[in-house]
Amino acid sequence: MEEKIRQIQEEYSDKIKNASSLKELDKLFLALFGKNGAIDSLSKEFPSLPASEKHTIGPLFNKVKQELEKAIASKREAVREESYQKLESEEFTLQPSRLQARKGHLHLATQFKQEIITLFEKLGFSQFDAPHIELDKYNFEYLNIPADHPSRDMWDTLWVEPGKLLLRTHTSNFWSRIMEKGKTPIRAMSFDRCFRYEAVDVRHSHTFNQFEIAVVGKMGEEITMANLRYLSDYLLKGLLGKEAKSRFRPKYYPFVEPGVGIDCLCVFCHGKGCKICSGTGWFEVAGSGMIHPNVFKATGLDPKKYTGLAWGFGPDRMLMLKHGIEDIRFFLEGDLDFLQKY
Ligand SMILES: [Zn+2]
């Protein structure tokens, strides 16, 4: 037993002497005094010692244990002192960090927004914003959607105060507000967020963008369906290239008469029919039409004197198609891989 103690003393004294860092000393401390360390294991052998030996071994064991503890403590001091001295004498050359600063960029949806707005500024459209939290009258009533009208079911609404205040379901509130002011002619656009009480999935989100235009002028100033057609083609060609084409289909929206759904020739199969367009060769991108006489009446303009067109487009869907993005929710999430890719 005595020999074992001396052996440990010798072995560890050497190791402590040669240690050059605090980390090494920590390891040595654990190897000696930690659970199942050299000292701990020795103490477990005590009960089996003959009584005669216990008298001599006990004090020796304690002495060696204390000496080793002290040796580690004083070596720690020495190592610290040495590192302070080294720090004091060391000269630093400060160099620029090797981490390359990465440049940020505009979000894909923001880039697209600017592209679209620039296109329509060229045609003399002015940009407008309208409240996200809106009165029922601007979102529904003025737009020929009275309370209890079944067509309200077309918009799953998030109400702030049922029947009065809501999160706007479309950007159309911007032109009902402008029309109410009565300053004609109107050539206005809005690109902004809308909200619906939707079950969220890869194609639906509770928050999405709409781009909408409204043109109002005096009857006889040649605001016709032909303008609607031209503006639709103008947008699609501007965004997707010269080959892009639009198609009109009759469709019901309460605030327009006649109402049309605007389809875009599939950019992937050029009309032949593919998986993305579900074999039809076209996909729907916008809803539009000539502003309903009831909207003129509600906003205080004479429907016999004025006429107009309005047209709303879902840029998020278009962006998904353009870039092959599979999930609309990516636009609102901060996924870095997605953001860096575009
Ligand atoms: Zn297709």
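# A tour from the zinc site to the pocket

Select C277 first: this residue is buried, with a relative accessible area of 3%. Keep in mind that the model is predicted. Now add C266. At 1% relative accessibility, C266 counts as buried too, because the cut-off for buried is under 20% relative accessible area.

**Stop 1: the zinc ion**

Show the zinc ion and the sulfur atoms around it. Its protein donors are C266 (SG), C269 (SG), C274 (SG) and C277 (SG). They lie 2.2 to 2.3 Å from the ion. Which geometry does the site of the zinc ion have? It is tetrahedral, with angles of 105 to 115° among the four donor atoms. For reference, the ideal angle for four tetrahedral donors is 109.5 degrees.

Next, follow the donors along the chain. Their spacing reads C-x2-C-x4-C-x2-C. C266 and C277 are 11 residues apart, and each sits in the loop between β8 (256–265) and β9.

**Stop 2: the hairpin before the zinc loop**

Step back to β8 and select β7 (residues 246–250) with it. The two strands pair in the antiparallel sense over five bridges. They form a hairpin, with five residues between them. To line them up on screen, pick R249 and look across to G261 in β8, which stands opposite.

**Stop 3: an enclosed strand**

Select β5 (residues 186–195). Is this strand largely enclosed or open? Eight of its 10 residues are buried, so the rest of the structure largely encloses β5.

Now colour its partners. β6 pairs with β5 in the antiparallel sense over 10 bridges. I186 marks the register there, standing opposite V216 in β6. β1 (residues 126–127) pairs with β5 in the parallel sense, over two bridges. Here the residue to find is Q127, opposite M189 in β5. While the side chains are on, recall a general point: in a regular strand they alternate between the two faces of the sheet.

**Stop 4: the cavity**

Turn to empty space inside the model. A search of the whole structure finds one cavity of 30 Å³ or more. The largest cavity has a volume of about 30 Å³. Select its lining: S232, L235, L236, I262, V285, A286, W311 and F313. Seven of these residues are nonpolar, one is polar and none is charged.

Which elements supply at least two residues each to this lining? They are α8 (225–240), β9 and β10. The largest share comes from α8, with three residues.

**Stop 5: the largest pocket**

Keep V285 selected, since the last stop uses this residue again. V285 lines the cavity, and V285 is also among the residues that lie nearest the centre of the largest pocket. The others named there are R203, E284, G314 and R317. Centre the view on these residues.

The pocket has a volume of about 1300 Å³. In total, 47 residues line the pocket. They divide into 23 nonpolar, 13 polar and 11 charged.

Finish by colouring the elements around the pocket. β6 (207–218), β9 (282–291), β10 (306–313) and α10 (315–323) each supply at least two lining residues. Which element gives the most? It is β9, with seven residues. You have met β9 before: it also supplies at least two residues to the lining of the cavity. β6 is familiar as well, as the antiparallel partner of β5.

Methods. Residues numbered from 1 in each chain as written. Predicted model: local features only at pLDDT ≥ 70, side-chain atom pairs only at ≥ 80, totals over all residues. Heavy atoms only, no water. 1 Å grid on protein atoms, 1.4 Å probe; cavity = no way out; pocket = protein on both sides within 12 Å on 5 of 7 lines; lining within 4 Å. Points joined across faces, edges and corners; volume = space filled by probe spheres on them. Helix = DSSP H or I, 4+ residues; strand = E, 2+ residues; numbered from the N terminus. Nonpolar A, V, L, I, M, F, W, Y, C, P; charged D, E, K, R; others polar. Donors = N, O, S within 2.8 Å, 3.2 Å for Na, K, Ca; no water. Tetrahedral: all angles 85-135°; square planar, octahedral: opposite > 155°, others 65-115°. Buried < 20%, exposed > 50% of the residue type's maximum accessible area, 1.4 Å probe, protein only. Pairing = 2+ DSSP bridges.
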